[in-house]
Every structure is written in C-alpha cells, then in structure tokens.
Amino acid sequence: METIREFLEFELISVGDYKIRVYTLMTVLIIFLITKFILWVIKNTLIRKRKFKKLDKGSAYALFQIINYVIWVIAVGFILETVGVKVTVLIAGSAALLVGVGLGLQQTFNDVISGIILLSEQSIKIDDVLDIDGDIVKIQSIGLRTSKALNTDDVSIIIPNSLITTNKVINWSHQTMKTRFRIDVGVAYGSDIDLVIKILEESAFEHPDISDRGSTEARLVNFGNSSLDFQVLFFSKNIFRINKVKSDIRRTISRKFASNNISIPFPQMDLHVKSNNPEISKKDET
C-alpha cells in the first residue's frame with residue numbers, strides 16, 4: 001500500500017506551488033470516463049424511448065445534444081478544479097478579456113445562441129426538409145454553432161445556425177406528409193383549351209409520386225402577351241426530390257403536346273420603324 005501511495009503522490013510537474021501528481025491525472029481520467037459513461041447511458045435510454053415511440057428522432061437528438069453540452073461543461077469545470085485551476089477566479093479575472101472577445105466573436109456567439117434555441121425549441125429537427133433562400137435542404141445534424149444539411153444535389157452544406165433563426169425559412173416537414181406544387185406552362189393562342197387542361201391533368205396523374213389524384217387540377221390562369229397561360233397543381237409526398245418529379249411531368253407534357261399538335265410559343269415582338277426624313281417619305285409615296 002505504501003508503494004501505491006508513493007506512486008500516486010509522485011510529482012510529474014512542479015512549477016512553484018503548482019504541482020501535478022499521478023493521482024491528479026488519474027482523477028482527470030476517471031472524470032472523463034464517468035462523463036462518457038453517463039452520456040452513453042443517456043443516449044441508450046433515449047434510443048429505447050424512441051423504440052417505444054415516446055420520442056421521435058428529432059426530439060431525441062435535440063434533448064441529447066443539450067444534455068451533452070451541459071454535462072461536458074460540468075465535467076470540464078471539475079477537471080479544471082482537479083488540476084488546481086479555480087474556475088470562479090478564472091472567470092472573474094478574465095471578465096474584461098471576455099468582453100473584448102465577445103465583441104470580436106459576436107457572430108459566433110449569435111450562432112451559438114441560435115443553436116441553443118434550435119435544440120431547445122425544436123422548431124427544426126433532424127430529417128426536416130427546409131427551404132432556405134430558395135435552396136431545398138434536408139437537415140442531417142444540428143450542432144451548437146452550425147448545422148449540417150444535404151441539398152438536392154447530394155452536396156453537404158454547413159449552415160450557420162443564425163441563418164436559420166433570423167431568416168425566413170419554410171419547413172416543409174411541419175405540415176402534412178403531402179404538399180401541393182404547381183407547374184406553369186403556356187400554349188399558343190388558338191389551342192383547344194379543354195384538350196390542354198386534359199393533357200396537363202393526365203401528365204400529372206401518370207407520375208407515380210403524385211398522390212391525391214382527385215385534387216390534381218389544371219387551370220387557365222391568364223391571357224399572356226404571347227400565350228395562353230396554364231397551371232397544373234398536384235400533391236406529392238416526395239418533397240425533397242420534387243424538382244425531379246416536376247421535370248418528369250414536364251417531359252410528359254411536352255411529349256403529349258407534340259403528339260396533339262399543341263405548340264409552346266416563344267415571346268415575339270413586332271417592330272415598326274418610322275422615319276422622319278421627308279425625302280424617304282416622298283420616295284415611299286411614289
């Protein structure tokens with residue numbers, strides 16, 4: 001026992017009154033292992049609750065992230081106290097420095113606060129499909145400062161949390177499982193309007209990702225400068241890949257228009273040139 005005590009009391013680092021002994025490092029290691037064990041137990045508990053459908057994936061993830069940050073802050077505080085650093089003195093002594101750092105890292109702190117809001121408020125969850133400034137993304141993870149998302153091109157995007165909390169964001173996943181979309185198309189004047197409406201509705205019906213067939217509807221919305229303007233409205237559950245769905249429907253519309261001799265016009269403009277030269281005007285009269 002005496003040998004073990006001497007080993008634990010062995011000084012590894014000694015600077016003035018500051019000393020780090022073997023038992024200090026062992027205490028730090030024990031605190032680290034206990035923290036990891038506690039987080040492991042909490043994570044598995046949340047997973048079990050998910051299996052019993054008491055928590056959805058987004059809620060479980062948000063709750064675990066908040067607990068994870070709180071426990072690690074407490075653990076770091078214990079570790080600093082163990083190695084001889086007084087946390088209260090450290091905070092008080094660095095108050096002026098923290099003010100300067102806070103001003104310089106204002107945007108970073110804004111992102112961190114936004115991350116806490118997202119995790120606690122749960123307005124955004126994992127696997128939610130968002131429309132941020134016209135970009136459609138699926139949330140993969142929510143961190144303390146940034147969130148990770150996947151866009152429709154399967155490109156991973158790192159999004160500052162403040163961008164989500166301060167901007168206008170459409171969360172497609174907050175509504176029903178199906179969402180209404182539309183496709184705009186114009187046809188030449190003189191086309192059979194009833195036939196165009198029939199083709200538009202049939203083109204949407206034929207796509208396998210279109211749900212609620214009875215709510216699919218085509219409309220004549222305007223008499224444009226160069227075309228009769230139509231819309232076809234439909235419901236789909238494939239929100240994240242809706243651009244692919246729209247592309248497939250447009251291809252079907254184009255094919256059916258071609259087989260029924262319905263043309264999609266391009267903008268045209270008539271240009272009339274009027275001359276003020278009297279000599280040219282006399283020649284035109286003769």
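What covers the buried residues of helix 9? In this predicted model, the cover includes strand 8 (179–187), helix 8 (193–205), strand 9 (210–211) and strand 11 (228–236). Helix 9 itself spans residues 242–259 and comprises 18 residues. From its first C-alpha to its last, helix 9 reaches 26 Å, close to the 26 Å expected at 1.5 Å a residue. The buried positions of helix 9 are Ile242, Val245, Lys246, Asp248, Ile249, Thr252, Ile253, Lys256 and Phe257. Nonpolar residues such as Ile249 and Phe257 are thus listed together with Lys246, Asp248 and Lys256. An α-helix has 3.6 residues a turn, so residues three or four places apart point the same way. After helix 9 comes Asn261, which has a positive phi near 55°.

Strand 11, one of the elements that cover helix 9, is also part of a hairpin. Its partner there is strand 10, and four residues lie between the two strands. Strand 10 (residues 217–223) pairs with strand 11 in the antiparallel sense, and six bridges join them. Within this arrangement, Phe223 is placed opposite Leu228 of strand 11.

A further hairpin is formed by strand 5 and strand 6, again with four residues between the strands. Strand 5 covers residues 146–151 and strand 6 covers residues 156–160; their pairing is antiparallel and extends over five bridges. Thr146 has Pro160, in strand 6, as its bridge partner. In this hairpin, Asp154 adopts a positive phi near 60°.

Helix 2 offers examples of both a buried and an exposed residue. Thr35 lies in helix 2, which runs over residues 22–51. With a relative accessibility of 6%, Thr35 falls under the 20% limit and therefore counts as buried. Apart from neighbours within four places in sequence, the residues in contact with Thr35 are Ile71, Trp72 and Ala75. Trp40 is likewise located in helix 2. The relative accessible area of Trp40 is 54%, and because this value is over 50%, Trp40 is classed as exposed. Trp40 also belongs to a nonpolar patch on the surface, together with Ile30, Ile34, Phe37, Ile38 and Val41. The accessible area of the patch residues together is about 590 Å².

Conventions. Residues numbered from 1 in each chain as written. Predicted model: local features only at pLDDT ≥ 70, side-chain atom pairs only at ≥ 80, totals over all residues. Heavy atoms only, no water. Pairing = 2+ DSSP bridges. Buried < 20%, exposed > 50% of the residue type's maximum accessible area, 1.4 Å probe, protein only. Contact = heavy atoms within 4.5 Å. Patch = residues over 30% accessible without salt bridge, like charges linked within 9 Å, V, L, I, M, F, W, Y side chains within 5 Å. Areas by Shrake-Rupley, 256 points an atom, 1.4 Å probe, with all protein chains shown as cover. Salt bridge = Lys/Arg side-chain N within 4 Å of Asp/Glu carboxyl O. Expected span 1.5 Å × (residues − 1).
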